[in-house]
Amino acid sequence: MDSLFWNVRGSNGAMKQLELSRFIKAHKFSFVSLMETKLDIEGHQVLKRKLRFHNSSFLSAEGRLCLFWNSALVDVSILEHSPQHIHCSIFCKQTSRIFFVTSVYASNLYAERLMLWKIITQISTKVNGSPWIVGGDYNEVRYSSEKFGGRPVHQRRLRKFNSCIEESGLFDLKAYGQTLSWNNRQDSRIMCRLDRVLVNASFTNSYPHSLVHYLAPGISDHSPMQVSYEPAFPTGPKPFKYFEMWETNNGRASDSRASVATQRGAKGGIGGETTGIQRGRDGSVDNREFLGE
């Protein structure tokens, strides 16, 4: 079972809907959360038919957030929603497990983002230690290192965001790929981590091998985030095993061990978490100033 969280930057055009449909079908997502769809009710129905998620979707106010799911694999119950979030429970029919998902699309206005941080903190008290995942476009970064180019980050905003995450008992899900999830696609390049997936300890205990894979942006300037609960590919190098049968009377055992040590020293692991950042306004100030646009 895989989930998708993606700011698609509009999905009204026929060609864009076609590409989006191909992408979702190719990855066989069980649960899909799209941000900034700009869909009205009629457009939502058209996209739902193209994706073949019949009677298994939810559209938030103003088309800011849209959920789709495969009802043959999961049951989804919408618990609450606002223009910046949809909170739901998911029952996986294959494993008979239940967990909570909060899909977020934070406002460009800093004052409104503060309201979302409060909502997330409040939801954390309702999940009662159950597995919980919070994914989407936060329009904010956690660290100064999560931005490349443009203006410096606002430290006060970082502190508020991180305070929300810590108070809610959340942390970043292990990431794979290019986590600088947004870029301005201009010659004067600005890149930052606006999009992320947060989880609580109960989630990682229930899905210890889960990770989020940042895929190529494609039709959007945001990277799609594929959450794999039980990834089919290895997440790290396999341990080396030494067999005594390799030893000989010619002293080759020490040579073998030396060779192994040399190989281990030459190998490099996958790089650590990369960086990424924000769009929006501080009160009435648009985040484009922050991004250096």
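This report walks through one edge-to-edge story in a predicted model: a covered strand, its partners, two helix pairs and the cysteines.

## Strand S1 and its surroundings

A good place to start is strand S1, which spans residues 2-7. How many of its residues are buried? The count is 6 of 6, so the cut-off of under 20% relative accessible area is met throughout this strand.

The two faces of S1 tell the story in a little more detail. On one side sit Asp 2, Leu 4 and Trp 6, and on the other Ser 3, Phe 5 and Asn 7; both sets are buried. If you look at S1 in the viewer, you can follow these side chains on either face.

## The partners of S1

Which strands does S1 pair with? One is S2, covering residues 31-35, which runs parallel to S1 and is joined to it by 5 bridges. Within this pairing, Trp 6 has Leu 34 of S2 as its bridge partner.

Another partner is S16, made of residues 225-228, and here the two strands run antiparallel with 4 bridges between them. Phe 5 of S1 is matched with Met 225 in S16. Trp 6 and Phe 5 are thus handy landmarks: Trp 6 for the S2 pairing and Phe 5 for the S16 pairing.

## From S1 over H1 to S2

Helix H1, residues 14-27, belongs with S1 and S2 to a β-α-β unit, and this unit is right-handed. The two strands of the unit are the parallel pair described above.

H1 also packs against helix H2, residues 41-51, with the axes 9 Å apart and an angle of about 40 degrees. Because angles under 35 degrees would count as roughly parallel, this pair is classed as oblique instead. The crossing of H1 and H2 is right-handed.

## A second helix pair

Further along the chain, helix H3 (residues 110-124) meets helix H4 (residues 155-167). Their axes come within 8 Å and cross at roughly 15 degrees. That angle is under 35 degrees, so H3 and H4 count as roughly parallel. Their crossing is left-handed.

## The cysteines

For anyone thinking about thiols, what is the disulfide count here? It comes to 0. A disulfide is a covalent bond between the sulfur atoms of two cysteines.

Are Cys 66 and Cys 88 buried or exposed? Cys 66 has 0% relative accessibility, so it counts as buried. Cys 88 is likewise buried, because its relative accessibility is 0%.

Technical notes. Residues are numbered from 1 along each chain as its sequence is written. This is a predicted model: local features need pLDDT of at least 70, side-chain atom pairs count only at pLDDT 80 or more; totals for chains, interfaces and linings use all residues. Side-chain values use heavy atoms; hydrogens and water are left out. A disulfide is a pair of cysteine sulfur atoms within 2.5 Å. Buried means under 20% relative accessible area, exposed over 50%, partly exposed in between (1.4 Å probe, protein chains only). Two strands pair if DSSP finds at least two bridges between them. A crossover is right-handed if, with the strands pointing away from the viewer, the path from the first strand over the helix to the second runs clockwise. Axes are lines fitted to C-alpha atoms, for helices over the stretch in contact, and angles run from 0 to 180 degrees between N-to-C directions. Angles under 35 degrees count as roughly parallel, over 145 as roughly antiparallel, 65 to 115 as roughly perpendicular and the rest as oblique. A crossing is left-handed if the near helix is turned anticlockwise from the far one by less than a right angle, and right-handed if clockwise.
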